[in-house]
Amino acid sequence: ELNYPERLNCAVELLDRRIEAGDGDRRCIITPGETLTYRDLQERVNRIANVLTRRLGLVPGGRVMLRSANNAMMVATYFAVLKAGGVVVATMPLLRAKELAYTIQKAEIPLALCDVRLAEEMEKARTQASRLERIVYWGGGPDTLEAMMAEEPAEFEACDTASDDVCLLGFTSGTTGVPKGTMHFHRDMMAICDAYSTQVLRPERDDVFIGSPPLAFTFGLGGLVLFPMRVGAATVLLEAAPPDKLLEAIREYKATVSFTAPTAYRAMIDMLQPGDLASLRKCVSAGETLPKATWDAWYEATGLKLLDGIGATELLHIFIGSPEEEVRPGATGRPVPGYEARIIDEEGNELPPNTIGRLAVRGPTGCRYLADDRQADYVQNGWNVTGDTYMMDDDGYFWYQARSDDMIISSGYNIAGPEVEGALLTHPAVAFCGVVGAPDRERGQVVKAYVQLREGHAPSPDLVKELQDHVKSEIAPYKYPRQIAFVDSLPRTESGKLRRVDLREMARQ
Ligand code: 3SK
């Protein structure tokens, strides 16, 4: 069990304690433009915290919107808000003014710190969000954050926060409706380090972390900032990390631990040159279901076992996922130590092993929505019901089936879209695919696949037939996609998740 003292500030635990432990001169953040040691980061954090509290009126509990790609200033502003006892509301760089304005109004945010390169949408949002009183930019122009920082001392006394003071409001990506704000405590930030990272990932001080998820997505926050800092390791932050750039950066910075989505691992396989991943020793895949075909192909190409995991913004990070020696290809894994997981029916009753049902989880982190009626749907009898359909085997491994609303019901059969995707992905012509239900008068729904082909393959009726036969030979024939549409690319969220909601909409037309 994880126990934290009643008074706890996670910025102190993750940053100041490192310096007290003698890690001040170790590399903390590496970017293409600058490298910061733990001490450099602390100094920057302290100056920003002084600006926030002495010039911008931040008081404990005050909310601050942060807007930036993954870089050193994003981390410094993040930790400054935490250290000053404020609440971070980090936003995906690609959010548009309307979405920013929604977030500002919903979370009642008076202050935003923003990379000047993202000013355009921020300024538009200002006109739509009456709650927002002030925006301070960094990265150029007059009256910048840097100018204020230069006039502030490099020392700052951390706010004496309680371990269960809220420090982060993470917004869900909105794939299942209007985005929800999820509240997390200082102790939650420590708990994900001490549960998933320490006990499943098991990083070392000399590790160099790297990856693609934005820090506004808690998958990126944990994997690229909190986990490395908890052990005094270094992290490489890239403002944009499509698979080719990520691969290049792994080689250049000799990264040892990667965090990215299954689609990025899949894309990297085709680009690999000998020696590219010589430094890499752990690769975490999450944010989306990991098809077994991708696990196998990655293992064959690299000799590395992908560490699959399922997390949720509501639970802050990964709650099911196994260490290398326990990995079972195709299964997400077993509950992270400290978490319990079970399969339940519609009434909330626990189901026996090998039965498909709804996933329910509980542990040191959990869902607390900001003013949202959907809280009662997510937390039922103390269990977080994540909206995923799973099966648990006799050994306690959890096998993903689908998002609960991604089950396709065709002629009375329940068909999990991701299973059909997994089968399609084993065909050499298929680069990526998404499978949803298309309305059908006779069958209720039919399985429809959207397929992005690999280079060198062209759509044709013969290929449709070949893919259908291929699926029939891989899984129960009734699951084959009766409809196949070829697309140039698949709709994805900024965090890399397939937007099945868009595919379902396309399938309706
Ligand atoms: O699986 C996810 O989508 C996720 C969400 C938040 C944090 C971590 C993860 C893996």
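This briefing covers the enclosed spaces, one open pocket, a helix packing and an aromatic pair in the structure above. The model is a predicted one. A search of the whole structure finds three cavities of 30 Å³ or more, and the two described below have volumes of about 140 Å³ for the largest and about 80 Å³ for the second largest. Helix α10 recurs in what follows, since it packs with helix α9, gives the most to the lining of the largest cavity and supplies the largest share of the lining of the second largest pocket.

**Packing of α9 and α10**

- Helix α9, residues 243-253, and helix α10, residues 262-269, pack at an angle of about 75°, and their axes lie 9 Å apart.
- Angles of 65 to 115 degrees count as roughly perpendicular, and α9 and α10 are therefore roughly perpendicular to each other.
- On the α9 side the contact is made by P243, L246, L247 and I250, which meet A264, A267 and M268 of α10; by class, this contact has seven nonpolar residues, with no polar and no charged ones.

**Largest cavity**

- The largest cavity, with about 140 Å³ of space, is lined by 14 residues, and those nearest its centre are T263, E288, P291, L425 and C433.
- Both α10 and strand β23 (430-440) supply at least two residues each to the lining of the largest cavity, and α10 gives the most, with three residues.
- The lining of the largest cavity divides by class into six nonpolar, three polar and five charged residues.

**Second largest cavity**

- About 80 Å³ of space lies in the second largest cavity, and of the 16 residues that line this cavity, D308, V327, R328, G330 and A331 are the closest to its centre.
- The elements that give two or more residues to the lining of the second largest cavity are α11 (292-302) and β13 (306-308).
- By class, the lining of the second largest cavity has eight nonpolar, four polar and four charged residues.

**Second largest pocket**

- The second largest pocket holds about 610 Å³ of space, and 29 residues line this pocket, of which S212, A241, P242, E494 and G496 are the closest to its centre.
- Helix α10 contributes three residues to the lining of the second largest pocket, which is the largest share.
- Sorted by class, the lining of the second largest pocket comprises 18 nonpolar, eight polar and three charged residues.

**Aromatic pairs**

- The structure holds 10 aromatic pairs, and one of them joins Y196 and F227, whose ring centres are 6.1 Å apart and whose planes stand at 45°, so the pair is tilted.
- Y196 belongs to helix α7 (residues 186-201) and F227 to helix α8 (residues 218-231), so the pair ties together parts that are 31 residues apart in sequence.

How values were computed. Residues are numbered from 1 along each chain as its sequence is written. This is a predicted model: local features need pLDDT of at least 70, side-chain atom pairs count only at pLDDT 80 or more; totals for chains, interfaces and linings use all residues. Side-chain values use heavy atoms; hydrogens and water are left out. Axes are lines fitted to C-alpha atoms, for helices over the stretch in contact, and angles run from 0 to 180 degrees between N-to-C directions. Helices (H or I, at least four residues) and strands (E, at least two) are DSSP runs, numbered from the N terminus. Angles under 35 degrees count as roughly parallel, over 145 as roughly antiparallel, 65 to 115 as roughly perpendicular and the rest as oblique. Contact means heavy atoms within 4.5 Å. Ala, Val, Leu, Ile, Met, Phe, Trp, Tyr, Cys and Pro count as nonpolar, Asp, Glu, Lys and Arg as charged, and the others, Gly among them, as polar. On a 1 Å grid over the protein atoms alone, a cavity is a set of points where a 1.4 Å probe fits but cannot get out, and a pocket is an open set with protein on both sides within 12 Å along at least five of seven lines; lining residues have an atom within 4 Å of a point. Grid points are joined across faces, edges and corners, and a volume is the space filled by probe spheres set on the points. Rings of Phe, Tyr and Trp (its six-membered ring) pair if their centres lie within 6.5 Å; planes under 30 degrees apart count as stacked, over 60 as edge-to-face and the rest as tilted.
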